[in-house]
Amino acid sequence: MVSIVPVIAIDGPSGAGKGTVSQLVASRLGWHLLDSGALYRLVVQAAKNHAIALDNIEALETLAAHLDVQFNVVDECTPVQVLLEGEDVTTTIRSEETGNEASRIAAQPGVRAALLERQRAFRAPPGLVADGRDMGTVVFPDAAVKIFLTASAGERARRRYKQLKEKCPNVIFSDLLDEIAERDKRDTERSVAPLRPAGDAVTIDTTELSVEQVVQEVMSVCNQRLGG
Ligand code: C5P
């Protein structure tokens, strides 16, 4: 009998806490982690490194298919280190600008197709926690557990503001709120792999919850569905 490596798909809009929660869940289970958003951000970064315009879709598809990337896990509280062509871009790719550009190129079907098998290749024993927008709907439709994490746009902007304020004191809350609304709209309205919960996903609204409470809820859904 073929044994299928289990996947926990964690999808949702920007700022819902997917990254932090996925990393903690993966670490507690001792499973692999896929940060699929980082791949879209890395296509943008690679395009910048090679002076390729973001409207040159054919070149972006080629870049996406040949990304030279390495993810190094340090511990559950430290952001996963990301190397692009050997260069540490962990912090660079997290900017708002790169996030917005990633959302634009992610609407291109050819770019998504070029990243599909690369994402599926992260599925390895004992299991994978996959964080993104279309993990449960497109990339791993057979995931054993599908979670859709959400939070009000105001709360997501507040979390982002708190994160950014230390590094950039000039950050403006209303700008962040507008950017989040714009990114949500683009991600939910695109024709290919739009952001939406899978039919069999469990939705968790994190607006009023702490990170630990969300992790506990996710773990409890996992225990029910994986029979742990
Ligand atoms: O999650 P993160 O903010 O890093 O993702 C950046 C952008 O990449 C998102 O706004 C979204 O447009 C795109 N993305 C996607 N599908 C995924 C992950 C991210 O379209 N699975």
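**Figure 1. Contact between helices H2 and H3 in the predicted model.** Val43, Ala46 and Ala47 of H2 touch Leu60, Leu63 and Ala64 of H3. By class, this contact comprises six nonpolar residues, with no polar and no charged ones. H2 covers residues 36–49 and H3 covers residues 57–65. Their axes come within 10 Å and cross at roughly 115°, which means that H2 is roughly perpendicular to H3. The crossing of H2 and H3 is right-handed.

**Figure 2. Contact between helices H2 and H4.** H4 spans residues 96–105, and its axis lies 8 Å from that of H2. The angle between H2 and H4 is about 100°, so H2 is roughly perpendicular to H4. From H2, the residues in contact are Tyr40, Arg41, Val43, Val44 and Lys48. From H4, they are Glu97, Thr98, Gly99, Glu101, Ala102 and Ile105. Five residues of the contact of H2 with H4 are nonpolar, two are polar and four are charged. Val43 of H2 appears in this contact and also meets H3.

**Figure 3. Surroundings of helix H4.** Eight of the ten residues of H4 are buried, and the helix is mostly covered. The buried residues are Glu96, Thr98, Gly99, Asn100, Glu101, Ala102, Ser103 and Ile105. Among the elements that cover them are H2, H3 and H5, together with helix H7 (153–165) and helix H8 (173–189).

**Figure 4. Helix H1 and the elements that cover it.** H1 runs from residue 18 to residue 29 and has twelve residues. From its first C-alpha to its last, H1 reaches 16 Å, close to the 16 Å expected at 1.5 Å a residue. Lys18, Val21, Ser22, Gln23, Leu24, Val25 and Ala26 of H1 are buried. Their cover includes four strands, E1 (7–11), E2 (32–35), E6 (128–132) and E7 (145–150), and also helix H9 (211–226). After H1 comes Gly30, with a positive phi near 75°.

**Figure 5. Thr206 and its contacts.** Thr206 sits in the loop between strand E8 (202–205) and H9. Its relative accessible area is 2%, so Thr206 is buried. Leaving aside residues up to four places away in sequence, Thr206 touches Ala16, Leu149, Thr150, Ala151, Arg159 and Val214.

**Figure 6. The loop between H5 and E6, with Ala121 and Pro126.** Ala121 lies in this loop, which follows helix H5 (109–120). Ala121 counts as exposed because its relative accessibility is 58%. Ala121 and Leu34 are 87 residues apart along the chain, and their C-alpha atoms are separated by 9.8 Å. Pro126 is in the loop as well. The peptide bond that joins Pro125 and Pro126 is cis, with omega about 5°.

**Figure 7. Ala51 and Glu85, two loop residues with positive phi.** Most residues other than glycine have a negative phi. Ala51, in the loop between H2 and H3, has a positive phi near 50°. At 71% relative accessibility, Ala51 counts as exposed. Glu85, which is not a glycine, has a positive phi of about 50°. The loop that holds Glu85 lies between strand E4 (81–84) and strand E5 (87–88). Glu85 counts as partly exposed because its relative accessibility is 40%.

How values were computed: Residues numbered from 1 in each chain as written. Predicted model: local features only at pLDDT ≥ 70, side-chain atom pairs only at ≥ 80, totals over all residues. Heavy atoms only, no water. Axes fitted to C-alpha atoms, helices over the stretch in contact; angles between N-to-C directions. Helix = DSSP H or I, 4+ residues; strand = E, 2+ residues; numbered from the N terminus. Parallel < 35°, antiparallel > 145°, perpendicular 65-115°, else oblique. Left-handed = near helix turned anticlockwise from the far one by under 90°. Contact = heavy atoms within 4.5 Å. Nonpolar A, V, L, I, M, F, W, Y, C, P; charged D, E, K, R; others polar. Expected span 1.5 Å × (residues − 1). Buried < 20%, exposed > 50% of the residue type's maximum accessible area, 1.4 Å probe, protein only.
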